[in-house]
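Grab a pencil and work through the exercises below with the model open beside you. Each task comes with a worked solution, so try it yourself before reading on.

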Amino acid sequence: MTHQTLIDQFTNTAISIGAEVHFLDSPATAAELVASRIEGTLLLPSFPTGKRMKLHDALTKQGVAVVDRDFRVQAETAE
């Protein structure tokens with residue numbers, strides 16, 4: 001199965017259950033989309049691709065309030 005076939009299969013399945021699918025060409029474009037839809041603060045745990053793409057910076061430039069702490073590491077001790 002080719003890479004494009006997998007993308008098409010995923011896209012068609014996601015759309016069939018009501019998801020919106022966007023193909024974005026840069027972190028700035030992704031940040032614009034998020035900024036146009038978000039109300040409030042975005043919880044964005046750190047992840048390798050986000051760091052490499054500097055997604056946090058792109059979101060901040062669009063005026064999105066971002067909390068980038070990974071709260072999952074505190075789940076075991078949460079009260």
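A nonpolar core is a set of buried Ala, Val, Leu, Ile, Met, Phe, Trp, Tyr and Cys residues joined through side-chain atoms within 4.5 Å. Buried means under 20% relative accessible area, exposed means over 50%, and partly exposed covers what lies in between (1.4 Å probe, protein chains only).

Some ground rules: this is a predicted model, where local features need pLDDT of at least 70 and side-chain atom pairs count only at pLDDT 80 or more, while totals for chains, interfaces and linings use all residues. Residues are numbered from 1 along each chain as its sequence is written, and side-chain values use heavy atoms, with hydrogens and water left out.

**Exercise 1. Find the residues that make up the largest nonpolar core, and the helix that gives the most to it.**

Step 1: Pick out the seven residues, which are A31, L44, L55, A58, L59, V64 and V66.
Step 2: Helix α4, residues 55-61, gives the most to this core, with three residues. Helices here are DSSP runs of H or I with at least four residues, strands are runs of E with at least two, and both are numbered from the N terminus.
Step 3: Zoom in on A58. Skipping neighbours within four places in sequence, A58 is in contact (heavy atoms within 4.5 Å) with P27, A28 and A31.

**Exercise 2. Work out the order of the elements, and how spread out the protein chain is.**

Step 1: Count four helices and two strands in the protein chain.
Step 2: Reading from the N terminus, the order is α-α-β-α-α-β.
Step 3: The radius of gyration, taken over C-alpha atoms, is 16 Å, well over the 12 Å from the globule rule for 79 residues, so the protein chain is more spread out than a compact globule. That rule is 2.2 Å times the number of residues to the power 0.38.
Step 4: Add the box: the C-alpha trace spans about 45 × 35 × 25 Å along its principal axes. Buried residues come to 15% of the 79.

**Exercise 3. Describe the setting of T11, starting from its helix.**

Step 1: T11 sits in helix α1, residues 3-16. The 14 residues of α1 reach 20 Å from first C-alpha to last, close to the 20 Å expected at 1.5 Å a residue (1.5 Å times one less than the number of residues).
Step 2: Is T11 buried or exposed? At a relative accessible area of 10%, T11 is buried.
Step 3: The T11 side chain reaches the backbone oxygen of I7 at 2.8 Å. Beyond neighbours within four places in sequence, T11 is in contact with V21 and F23.
Step 4: Just past the helix, α1 is followed by G18, which has a positive phi near 100°.

**Exercise 4. Say what stands out about the phi of K54, and where K54 lies.**

Step 1: Most residues other than glycine have a negative phi.
Step 2: K54 has a positive phi, near 60°, and is not a glycine.
Step 3: K54 lies in the loop between α3 (48-53) and α4, and K54 is exposed, with a relative accessible area of 54%.

**Exercise 5. Which residues is D68 in contact with, outside its neighbours within four places in sequence?**

Step 1: Locate D68 in the segment after β2 (65-67). D68 is partly exposed, at 42% relative accessibility.
Step 2: List the contacts of D68: L44, P45, S46 and H56.
Step 3: Check one of them: D68 and P45 are 23 residues apart in sequence and 4.9 Å apart in space, C-alpha to C-alpha.

Technical notes
A polar contact is a pair of N or O atoms within 3.5 Å; within protein, one must be able to donate a hydrogen and the other to accept it, and residues adjacent in sequence count only if both atoms are side-chain atoms.
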